[in-house]
Amino acid sequence: MQQVETNPTLDFQSEVYKDAYSRINAIVIEGELEAHANYQRLADLIPDTAEQLLSLAKMEGRHMKGFQACGRNLDVTPDMEFAREFFTGLHQNFQAAAAAGQIVTCLLIQALIIECFAIAAYNIYIPVADDFARKITEGVVKDEYLHLNFGEEWLKANFEASKAELEAANRQNLPLVWQMLNQVAADAQELGMEKEALVEDFMISYGEALSNIGFSPRDIMRMSAHGLAA
């Protein structure tokens, strides 16, 4: 097992920390696993970018293995049943959209919402992580920005045709993020991650993504408010 260098403000070997970590670690493993499958599905839906999307899928598979190693490093068994339930809403909505050929909705869920959620969580986690997990997470977050950029560029190039579906997909899925943040807040706190910081970082990343695609500041404020419906 890898040696863990302790942080003076957190006891990585305490039962309380490990209990919370079992769920947080499972969430990131499941998130990367679902992202791997989602990008493979998107490769079927957007065949002209299939090679790039399959490359993104492979990255997510590597990320999953990295986070599995983080759990082993702390001798923690991830609670995968909890994690699968955690992602149920977004998973079901992605699958339904994919079955209906709704590429825009699929991209909003995976390449915008999930990637922004991951970027926010990883950036907040890095300063409080154990040394082994910090190195893994720093490498992962760099890749996630590439994945977010893919979604932004595709949706920007198809903005006018996609705008109405993006707004509808945002209205359906953004409230789920608020529910997810509330569900994980107590465990995140045990790992040194403040819920308010997670919310702020997510909304900054998500708002910037919507702006890059082509939405106006007024549009972004209106769309962001849909999260309050959770």
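## A guided tour from His63 to the salt bridges

Begin by selecting His63, which is found in helix α2. The structure on the screen is a predicted model. His63 is buried, with a relative accessible area of 5%. Now display the residues around it. Not counting residues up to four places away in sequence, His63 touches Glu32, Val140, Asp143, Glu144 and His147. With one of these, Glu32, the side chain of His63 makes a polar contact of 3.3 Å.

Next, select Glu60, whose place is also in helix α2 (residues 50-73). Glu60 has a relative accessible area of 1% and is therefore buried, since the cut-off for a buried residue is under 20%. Leaving aside neighbours within four places in sequence, Glu60 is in contact with eight named residues to look for: Glu32, Ala35, His36, Tyr39, Gln110, Glu115, Glu144 and His147.

Now select Glu32, Glu60 and His63 together. An unreviewed UniProt entry annotates these three residues as "binding site". They are spread over 32 residues of sequence, yet they cluster in space, the largest C-alpha distance being 6.4 Å. From this set, Glu32 and Glu60 belong to the lining of the largest cavity.

The tour then turns to charged side chains. How many salt bridges does a search of the whole structure find? The search finds 6.

For one of them, select Asp131 and Arg134. These residues form a salt bridge in which the closest N and O atoms are 2.6 Å apart. Both lie in helix α6 (residues 131-157), with a separation of 3 residues, about one turn of the helix. Arg134 counts as partly exposed, at 21% relative accessibility.

Move on to Asp219, which is buried, with a relative accessible area of 13%. Asp219 forms a salt bridge with Lys163, and the closest N and O atoms are 3.7 Å apart. Asp219 lies in helix α9 (residues 217-225) and Lys163 in helix α7 (residues 159-190), so this pair ties together parts that are 56 residues apart in sequence. Lys163 is partly exposed, with a relative accessible area of 26%.

Keep Asp219 selected and add Arg222. Their side chains meet in a salt bridge of 3.0 Å, N to O. Both residues lie in helix α9, 3 residues apart, about one turn of the helix. Arg222 counts as partly exposed, at 35% relative accessibility.

Finally, add Lys163 and Glu167 to the selection. Together with Asp219 and Arg222, they are linked in a network of salt bridges.

Terms used. Residues are numbered from 1 along each chain as its sequence is written. This is a predicted model: local features need pLDDT of at least 70, side-chain atom pairs count only at pLDDT 80 or more; totals for chains, interfaces and linings use all residues. Side-chain values use heavy atoms; hydrogens and water are left out. A salt bridge is a side-chain nitrogen of Lys or Arg within 4 Å of a carboxyl oxygen of Asp or Glu. Helices (H or I, at least four residues) and strands (E, at least two) are DSSP runs, numbered from the N terminus. Buried means under 20% relative accessible area, exposed over 50%, partly exposed in between (1.4 Å probe, protein chains only). UniProt positions are given in the numbering used here, feature names are shortened, and annotations may be inferred rather than shown by experiment. On a 1 Å grid over the protein atoms alone, a cavity is a set of points where a 1.4 Å probe fits but cannot get out, and a pocket is an open set with protein on both sides within 12 Å along at least five of seven lines; lining residues have an atom within 4 Å of a point. Contact means heavy atoms within 4.5 Å. A polar contact is a pair of N or O atoms within 3.5 Å; within protein, one must be able to donate a hydrogen and the other to accept it, and residues adjacent in sequence count only if both atoms are side-chain atoms.
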